Amino acid sequence: MKIGLQSKTQVKNGVIQSYWFENESIGLPKTLFHRVTLPLTEFDSGLDYDEQPTKTEIILDWYKLDLGSPSRLDGMNLSHSIYTDAEGSVYIGCVHNWCDVKELNITKNEDGSFRVSGTIFIEFDNEGVGENESFTFQTCCEYIET
């Protein structure tokens with residue numbers, strides 16, 4: 001079964017956050033990370049065990065960008081081929097489905113927000129939800145320092 005995100009939903013305006021995190025037990029010092037939250041418009045997933053319409057968001061997290069200023073995101077590409085420790089998922093079919101970011105381009109707009117466009121490969125088959133599929137989108141994100 002194919003979920004068909006490309007034809008059923010689109011990304012609403014999202015948020016890019018930066019935050020500090022440390023974990024002494026794994027030897028991770030206080031480190032600045034970035035997270036991108038991309039909410040989707042409500043859609044019918046086609047899964048009878050999912051509440052319809054499905055309300056979810058794509059979360060892309062654990063980006064260690066090493067920027068001089070955390071809001072200097074203009075011109076960045078947050079592809080997982082570059083940031084191999086970053087993770088992504090979308091909650092559909094009562095499970096978190098892994099997302100492989102093929103491309104995530106960020107361009108600063110005149111008003112200080114960011115245009116975000118990209119392609120994400122969603123691995124639905126790992127959790128038995130459906131066929132894997134690519135999802136291409138463009139949206140606007142606000143930057144928030146937390």
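This text walks through the fold, the strands and the aromatic rings of one protein chain.

The model is predicted. Start with the overall fold. The protein chain has one helix and seven strands. Along the sequence, the helix comes ahead of the strands, in the pattern α-β-β-β-β-β-β-β. The radius of gyration is 16 Å, and the globule rule gives 15 Å for 146 residues, so the chain is as compact as a globular protein of that length. Its C-alpha atoms fill a box of roughly 45 × 40 × 25 Å along the principal axes.

Now look at the inside and the outside. Of the 146 residues, 45% count as buried. The exposed surface comes to about 7800 Å². Carbon and sulfur atoms supply 45% of that surface. Contacts also tell us how the chain folds back on itself. Take the contacts between residues at least 6 apart in sequence: 56% of them join residues at least 24 apart.

Next, follow strand 4, residues 87-92. What does it pair with? One partner is strand 3, residues 57-63. The two run in the antiparallel sense and share four bridges. Find Ile-59 here: it stands opposite Ser-89 in strand 4. Another partner is strand 5, residues 95-108. This pairing is antiparallel too, again over four bridges. Here Tyr-91 stands opposite His-96 in strand 5. Strands 4 and 5 form a hairpin, with two residues between them. Gly-93 sits in the turn and has a positive phi of about 70°. One rule helps when you view any of these strands. In a regular strand, side chains alternate between the two faces of the sheet.

Finally, turn to the rings. How many aromatic pairs does the structure hold? There are six. One of them joins Phe-135 and Phe-137. Their centres are 5.9 Å apart, and the angle between their planes is 25°. Planes under 30 degrees apart count as stacked, so this pair is stacked. Are these two residues buried or exposed? Both Phe-135 and Phe-137 are buried.

Elsewhere, ring pairs link Tyr-19, Phe-21, Phe-33 and Trp-62 into a cluster. Tyr-19 has a charged partner as well: Arg-35 lies over its face, 4.4 Å from the ring centre. Trp-20 has a charge over its ring too. This one comes from Lys-30, whose charged end sits 5.5 Å from the centre of the Trp-20 ring.

Definitions and conventions. Residues numbered from 1 in each chain as written. Predicted model: local features only at pLDDT ≥ 70, side-chain atom pairs only at ≥ 80, totals over all residues. Heavy atoms only, no water. Phe/Tyr/Trp six-rings, centres within 6.5 Å; stacked < 30°, edge-to-face > 60°. Buried < 20%, exposed > 50% of the residue type's maximum accessible area, 1.4 Å probe, protein only. Lys NZ or Arg CZ within 6 Å of the ring centre and 35° of its normal. Rg over C-alpha atoms; globule rule 2.2 N^0.38 Å. Contact = heavy atoms within 4.5 Å. Areas by Shrake-Rupley, 256 points an atom, 1.4 Å probe, with all protein chains shown as cover. Pairing = 2+ DSSP bridges.
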